[in-house]
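Morning, everyone. Let me walk you through one protein today, piece by piece.

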Amino acid sequence: MRPSILVRITVWLTPGSVYRFPIRVVTADGSVALDEGILESYNVKLGNTGKGESIAQASISNAGGSSYLLLSVKAGWPAEATEEQYSIKITKKGASKDSVSLKIDFKTGYKEADSSALDNLSEGDEVEVNNDAPVYTADQLAKIAKINRYRKSTFSGEGWTFTANINDMKAINMLYNNNPVKEILTKYEDNNFEFLTFPAGPKFNTAGEFVMDVSGIEQSYNGAFFVYRYLGGKLTAIPSAYSEDDSTLTFSTDTLGRFVITDKEIKDAVVIPDSETNSDSQNQNPNKNP
């Protein structure tokens, strides 16, 4: 094994994910896995050399005879990245100096939107949200606002648009998904449901107009639509307007959260009792946006 080698690499990690990186070393035989045979003569030590606190667990594990760096990232939906750094030191047993010293710089969080795409925007253009890079920095929002002459700007995703004023706003995370909510589907078995969730819960300065494309479900819904916000185990009705002419559902909100669309009015809006939601919140990671 080559002595006193210092290597630095940078890796981007997503919140709520677990990563396993294989550890390889350079020996006289070339690049090989750090296996049990090598560990008979060498010690491996993992150290946290950074200042971030977004890693829930870090360890070196062994599987199939090879060693891996195991990292668990705290769940959450931050609008800013956190810098982390870990070191792996491999020392020959009985030696005073490290044989190999590896420093790995991590960034945890979500990537920023492509600034070059924003450069091509004209006034009135929609800003297309990409879940692979859903964060818009304060500078990027200021740029979008300026392009629109500080009037309302429109963000768009698959099947939706949101138009609101973004002047003087801080960074936001526009990550979204259509994941179903098991508790709601279980309790209201006779209803049809669609879900649209913005887990980071971005809040805007004023209420904006949210428009959903319902062309794919309006026939099965018979033109009847009810919109709810799901928060804290309860459903809260949101006034909405359905347009048969352009197959859209429109409502007003200043916060993007977990939206539930159904074909029947829900009168018993408590999905999970308070005692259960309180218990769940106590078990959640404090860094996780509820």
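**From one strand outward**

Start at Phe 21, which lies in strand β2. One caution before going on: this is a predicted model. Is Phe 21 buried, exposed or partly exposed? Its relative accessible area is 23%, and buried means under 20%, so Phe 21 counts as partly exposed.

What does Phe 21 touch, beyond residues up to four places away in sequence? The list is Val 11, Leu 13, Ser 67, Tyr 68, Leu 69, Leu 71 and Phe 106. Take Ser 67 from that list. Phe 21 and Ser 67 are 46 residues apart in sequence, yet their C-alpha atoms are 8.7 Å apart in space.

Now the sheet around it. Strand β2 belongs to an open sheet of three strands, ordered β2-β7-β6, and the pairing is antiparallel. Why do β2 and β6 each have one side without a neighbour in the sheet? Because β2 (18–22) and β6 (55–63) stand at the edges, each with a single partner strand. On average, neighbouring strands here are turned by 20° against each other, direction ignored.

Look at the β2 pairing in detail. Five bridges join β2 to strand β7, residues 66–73, in the antiparallel sense. Tyr 19 has Leu 71 in β7 as its bridge partner. Leu 71 is also one of the residues that Phe 21 touches.

Next stop: strand β12, residues 153–157. Four of its five residues are buried, so β12 is largely enclosed by the rest of the structure. Which strands pair with β12? With β10, residues 126–128, the sense is parallel, over three bridges. With β13, residues 160–164, the sense is antiparallel, over five bridges. Thr 154 shows up in both pairings. Glu 126 stands opposite Thr 154 on one hand, and Thr 163 in β13 stands opposite Thr 154 on the other. The hairpin of β12 and β13 has two residues between the strands, and Gly 159 there takes a positive phi near 85°.

A general reminder for the sheets: strands pair through backbone hydrogen bonds, either parallel or antiparallel.

On to helix α3, residues 138–147. Which of its residues are buried? Gln 140, Leu 141, Ile 144 and Ala 145. They cover an arc of only 140° around the axis, which puts them on the same side of α3. What do they pack against? The partners are α2 (115–119), β10, β11 (135–136), β12 and β14 (172–173). So β10 and β12, which pair with each other over three bridges, both meet the buried residues of this helix. The face turned away from the buried side carries exposed Asp 139 and Lys 146. Just after α3, Arg 149 takes a positive phi of about 55°.

One more residue. Thr 197 is in strand β15, residues 193–197. At 5% relative accessibility, Thr 197 counts as buried. Leaving aside neighbours within four places in sequence, Thr 197 contacts Leu 175, Tyr 176, Asn 177, Gly 257 and Arg 258.

Finally, the whole protein. The secondary structure comes to six helices and 21 strands. The radius of gyration is 25 Å, whereas a compact globule of 290 residues would have one near 19 Å. Along the principal axes, the C-alpha atoms fill a box of roughly 75 × 45 × 30 Å. Of the 290 residues, 39% count as buried. The exposed area is about 16,100 Å², with carbon and sulfur atoms supplying 45% of it. Among contacts with a separation of 6 or more, 69% come from residues 24 or more positions apart.

Terms used: Residues are numbered from 1 along each chain as its sequence is written. This is a predicted model: local features need pLDDT of at least 70, side-chain atom pairs count only at pLDDT 80 or more; totals for chains, interfaces and linings use all residues. Side-chain values use heavy atoms; hydrogens and water are left out. Buried means under 20% relative accessible area, exposed over 50%, partly exposed in between (1.4 Å probe, protein chains only). Contact means heavy atoms within 4.5 Å. Two strands pair if DSSP finds at least two bridges between them. Axes are lines fitted to C-alpha atoms, for helices over the stretch in contact, and angles run from 0 to 180 degrees between N-to-C directions. The arc is that of the directions from the helix axis to the C-beta atoms. The radius of gyration is taken over C-alpha atoms; the globule rule is 2.2 Å times the number of residues to the power 0.38. Accessible areas come from the Shrake-Rupley method with a 1.4 Å probe; for residues, only the protein chains shown count as cover.
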